[in-house]
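Reader: I am new to this structure and should like to be guided through it. May I put some short questions to you?

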2 protein chains.
Amino acid sequence: MKIALLGGTGDIGEGLALRWADETDHEVLIGSRDPDRAAEKAAEYERELDRRDVECTIRGFGNPEAASRGDVVVLSVPAYHVSDTIEAVADGLDSDTVLVSPAVGMKRDDDGMHYHRPSAGSVTAVAAKAAPEDVPVVGAFHNLAAGRLADLDAELGVDTLLIGDDPDAKERVRRLADAVEGLRPLDAGPLANAPEIEGLTPLMINVGRYNEGLHDLGVSFR
Amino acid sequence: MKIALLGGTGDIGEGLALRWADETDHEVLIGSRDPDRAAEKAAEYERELDRRDVECTIRGFGNPEAASRGDVVVLSVPAYHVSDTIEAVADGLDSDTVLVSPAVGMKRDDDGMHYHRPSAGSVTAVAAKAAPEDVPVVGAFHNLAAGRLADLDAELGVDTLLIGDDPDAKERVRRLADAVEGLRPLDAGPLANAPEIEGLTPLMINVGRYNEGLHDLGVSFR
């Protein structure tokens with residue numbers, strides 16, 4: 001399977017790229033608005049995995065080309081770029097593609113981080129609205145700390161919550177999550193249940209801020 | 001110390017009453033709008049603890065009397081009763097009392113449970129608004145499954161998040177939470193950070209609904 005990480009040059013995209021390249025046989029494609037930047041980061045990820053004796057090929061493309069090649073396309077871009085990123089790649093998507101939305105809208109004030117809920121209800125709903133009608137959207141990977149995910153020596157031991165209205169698409173993403181050691185996928189129901197999942201991310205950041213020794217937090221339901 | 005659990009006849013109040021009576025030397029007072037019902041449940045809790053060879057005295061009162069006797073007053077009532085409960089007991093509160101708000105507003109639809117955010121920003125903010133100006137409010141115990149808390153044989157191994165603007169009041173509640181085995185109190189900052197904590201409760205219910213074998217869930221930050 002080919003996994004395209006749009007905006008895969010930073011944040012959560014880097015960690016997902018490294019983990020999937022390290023722990024699965026799937027082909028990882030890095031997308032960026034700037035194809036050169038994508039190729040550069042892809043080579044950087046390859047070098048990091050090579051240092052760990054992991055043989056793999058990671059290639060970089062412009063977002064549209066990465067998306068058209070991907071069987072699963074992860075929108076690892078900031079929340080405010082979800083819509084325009086989908087629009088830019090829509091021609092290359094079809095009903096066999098699964099779009100994955102991990103983005104969360106947040107705003108910071110003096111007290112901490114807060115969930116900035118879009119009028120569509122959630123960022124995942126924004127993605128579903130922007131996606132071509134026949135392309136299923138699954139929400140996942142909202143609550144992972146990017147730094148910890150990208151550190152292949154860091155143990156995860158955390159959960160990720162999946163939401164989606166298409167059972168087959170959700171199952172495909174569930175298997176991808178399950179392939180990452182220490183990451184437990186849990187079903188949180190239909191797309192309409194996204195807001196509470198997205199709202200967990202600013203809470204995790206607040207808990208990290210106010211408790212010494214806790215940072216790059218994940219969450220485990222138990 | 002005296003802990004008054006207003007609405008302590010059901011839901012989260014029962015679990016907190018049993019755990020504190022079991023694991024601390026604090027005096028537990030059960031409050032209810034109906035003093036007879038409070039006395040009845042207090043006797044029931046005492047009998048349950050007696051069966052476990054725990055000697056303690058739990059007494060029941062009308063909410064106003066329980067509140068005026070309590071050093072810490074927990075509003076273990078449904079979200080829509082937070083304001084009127086505070087109004088009913090306000091005369092018995094003073095600046096030495098700490099009010100604790102664990103309530104969460106939720107609404108259910110076909111997809112699952114959703115956070116029903118009050119216009120004040122959070123239920124904890126509703127409590128702070130209704131409380132007399134000199135009475136500090138601390139948000140805590142929002143994300144505990146009532147059934148598991150009330151089952152003294154059940155291990156917890158979960159976190160509870162504290163929010164508040166008065167450091168001394170927050171510390172008093174932190175110690176109370178810490179006294180419960182398997183419950184780890186974590187600081188989530190000022191009262192303004194309440195919405196994301198309250199929104200976690202419907203998410204936990206959704207995760208319990210959509211994953212076989214998971215129910216009465218708690219959450220652990222790690």
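**The two copies and the sheet**

Author: Let us begin at the rotation axis. In this predicted model, S220(B) is the residue of chain B that comes closest to the axis, its C-alpha lying at 2.5 Å.

Reader: What turn and what shift lay chain B on chain A?

Author: A turn of 180° with a shift of 0.0 Å along the axis lays chain B on chain A, and the RMSD is 0.0 Å. The two copies are therefore related as by a two-fold rotation axis. Both copies use the same surface, since 100% of the contact residues of chain B recur in chain A.

Reader: Now the sheet, please. What is the order of its strands in chain A?

Author: The sheet is open and has 8 strands, in the order β3-β2-β1-β4-β5-β8-β9-β10 of chain A, and the pairing is mixed. At its edges are β3 (58-62) and β10 (183-187) of chain A, each of which pairs on one side only. From one strand to the next, the twist averages 25°.

Reader: Do β4 and β5 of chain A run parallel or antiparallel, and how many bridges join them?

Author: Strands β4 (residues 72-75) and β5 (residues 98-101) of chain A run parallel and are joined by 3 bridges. V72(A) has V98(A), in β5(A), as its bridge partner.

Reader: Which strands does helix α2 of chain A touch?

Author: Helix α2 (residues 35-51) of chain A packs on the sheet and touches β2 (27-32) and β3 of chain A. The direction of helix α2 makes about 170° with that of β3(A).

Definitions and conventions:
Residues numbered from 1 in each chain as written. Chains lettered and ligands numbered in written order. Predicted model: local features only at pLDDT ≥ 70, side-chain atom pairs only at ≥ 80, totals over all residues. Least-squares fit on C-alpha atoms with pLDDT ≥ 70 in both. Contact = placed C-beta atoms within 7 Å. Pairing = 2+ DSSP bridges. Helix = DSSP H or I, 4+ residues; strand = E, 2+ residues; numbered from the N terminus. Axes fitted to C-alpha atoms, helices over the stretch in contact; angles between N-to-C directions.
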